[in-house]
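Q: Could you take a close look at one part of this protein for me, the inner strands, and then walk me outwards to the empty spaces and the sheet at the end? Plain bench talk is fine.

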Amino acid sequence: MPGFQDAHTHLLSGGTDLATAAQLYEAEDLATLAQLIRSHAAAHPDLPLLVGAGWQPGIFGDHNLTAAWLDPLTGSRPALIYDSSFHSACFNSAALEIAGITDDTNDPPNGHILRDATGQATGMLHEEAIPWALERLPGFTDDQLLAGLMAGQAHANRHGITGVIDAKITAIEARIYARAARENLLTLRVAGAAHVSEADTPETAVARLSALRAAHPGPDFHINAAKFFMDGVFENRTAACLVPYADAEGGNAPCMFRHDQTLALMTALDAARFQIHVHVIGDAACARALDGLEAALAANGPWPACHQITHLQLVAPADFPRLARLAMANIQPLWARFDPKIPDIALDMIGPARLPQTYAFRDMVNLGASFAMSSDWPVSTLNPFEIIETAITRQARAHDHPGPPFLPAQALSVTECVAGYTINAARASWRDGYSGRLSPGFSADLIVTDLDIFSCAPARISATRVLLTLFRGQEVWRDPSLR
């Protein structure tokens, strides 16, 4: 098949986590979580910052993770542990002190410093409070980050991936990807969506992104898009919804960009010919993003931008036709299942009345939406075959003892999924003129697998192994069984 392209990843940060972070994804109780953190700290005495990645909301969270709990496991070094969505992180006391976070510190824009009933900062941070604090903590060297990128792209090549969109480019990502391209170290292509923040104006955003685009024109690393976080996630109650959450606690969250600000920023960036790439979880966030794209279209006219709205966990039925008209759906089907181990607190917050609007991919497609497939790695597995299987079955893998299918009428076909990872993902990345298909004159990016996923049973697709990955005709992965 053509090499797969993952249209929404965080390749550098995910690779850096592979190389430097405690892997917390499988922990199901506090004792196991503590042992993983303690072992990582002992095994890496020279790291100036201890990082853990992947604790599971629904098991852990604001109620049981605090600096006081983390301190005995990490000692005097600064440390933080991310949840599996990377939208929440618990900091230890040393990290809080270095970051200057006290009980009296004000929340940064679109960020939350969690406090207990007495007003004391607990150590848990949500959303934009995390990067705000990280700016004050020790960081990794460029050599360590480059090693992380090498680990990440090797992991991607092993799974047949020859192109990605990195969905949050800051100055750090731009610098490391550019170095890798300059030193001929890239074994896949990277398109970048540069981060736009609540503090931006149309003038500052266009100026900064234009400079990045000019500095990194490609072909292997290019910046072509503007990334907006329109809301957060249900798991820390920052998803923006049209009606209050349906669980006992209730409440809601605002969009991270005002309506007028959204329209102004997206219109200016669209006029400057940037693709818009928007993180959307709740239906209010989706409506706000579509309002911005609609204003940009009215002001600037159509052009082949292939704007992206990604995640799309909850979409109001009235917005499905607008999505089809204004943007490509950038979807992560692995999440469209009942998890056999981890309680999905988002479903309680969405409630039974609006459950049918959750990850409603078939409805989107039937109403004319184009789509690209992606993983959001390291938030979930990078393995496209696990994701394709779930898109078809709407269940976890058979050996994980899955429950019933999650809204099975919303399933996709294997042909649609492969297109979502190849020709559609190439179009999303602005690479469809030379990649995404096996055609004369196109780049020889291809994979050989041990199973024919078009003919095998859907429940076997996740077991597919990539035997060989070629990038520009050069081998970048070969299964050990072929040596």
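A: Strand β10 (residues 221-229) runs parallel to β11, and the two pair over five bridges. This is a predicted model, so read what follows as computed from it. One of the contacts in that pairing links Ala 225 to Gln 275, its bridge partner in β11. In general, strands of a sheet pair through backbone hydrogen bonds, either parallel or antiparallel.

Now stay with β11, which covers residues 275-280. Six of its six residues are buried. Side chains in a regular strand alternate between the two faces of the sheet. In β11, one side carries Gln 275, His 277 and His 279, while the other carries Ile 276, Val 278 and Val 280. Both faces are covered, with all of these residues buried.

Another strand with a buried residue is β1 (residues 4-9), where Gln 5 lies. Gln 5 has 3% relative accessibility, and because buried means under 20%, Gln 5 counts as buried. What is Gln 5 in contact with, leaving aside its neighbours within four places in sequence? The list is Gly 163, Met 373, Tyr 421, Ala 425, Ala 426, Ser 429, Arg 431, Ser 435 and Gly 436. Asn 424 is 419 residues from Gln 5 in sequence, yet the C-alpha atoms of the two are 8.9 Å apart in space.

On to the empty spaces. Searching the whole structure turns up two cavities of 30 Å³ or more. The largest has a volume of about 60 Å³. Its lining is made by Ala 22, Ile 37, His 40, Ala 41, Leu 50, Val 51, Gly 52, Thr 74, Ala 79, Leu 80 and Ile 81. Helix α2 (30-43) and the strands β3 (50-55) and β4 (79-83) are the elements that give two or more residues to that lining. By class, the lining of the largest cavity has eight nonpolar residues, three polar and no charged.

The second largest cavity holds about 30 Å³ of space. Around the second largest cavity sit Gln 313, Trp 335, Arg 337, Asp 344, Leu 347, Thr 358, Tyr 359 and Phe 406. Here the split is four nonpolar, two polar and two charged residues.

Then there's the second largest pocket, with a volume of about 490 Å³. It is lined by 24 residues, and those nearest its centre are Asp 62, His 126, Glu 235, Asn 236 and Arg 237. The elements giving two or more residues to this lining are β6 (111-115), β7 (121-127) and α12 (345-350). Strand β6 has the largest share, three residues. In terms of class, the pocket lining has 10 nonpolar, eight polar and six charged residues.

Last stop, the sheet you asked about. Three strands make up an open sheet in the order β15-β16-β17, with antiparallel pairing. Strands β15 (446-449) and β17 (474-478) stand at the edges with a single partner strand each, so one side of each is left without a neighbour in the sheet. Neighbouring strands here are turned by 15 degrees against each other on average, direction ignored. Between β16 (residues 466-471) and β17 there are four bridges in the antiparallel sense. One of the residues involved is Leu 470, whose bridge partner in β17 is Glu 475.

Methods. Residues numbered from 1 in each chain as written. Predicted model: local features only at pLDDT ≥ 70, side-chain atom pairs only at ≥ 80, totals over all residues. Heavy atoms only, no water. Pairing = 2+ DSSP bridges. Axes fitted to C-alpha atoms, helices over the stretch in contact; angles between N-to-C directions. 1 Å grid on protein atoms, 1.4 Å probe; cavity = no way out; pocket = protein on both sides within 12 Å on 5 of 7 lines; lining within 4 Å. Points joined across faces, edges and corners; volume = space filled by probe spheres on them. Nonpolar A, V, L, I, M, F, W, Y, C, P; charged D, E, K, R; others polar. Buried < 20%, exposed > 50% of the residue type's maximum accessible area, 1.4 Å probe, protein only. Contact = heavy atoms within 4.5 Å.
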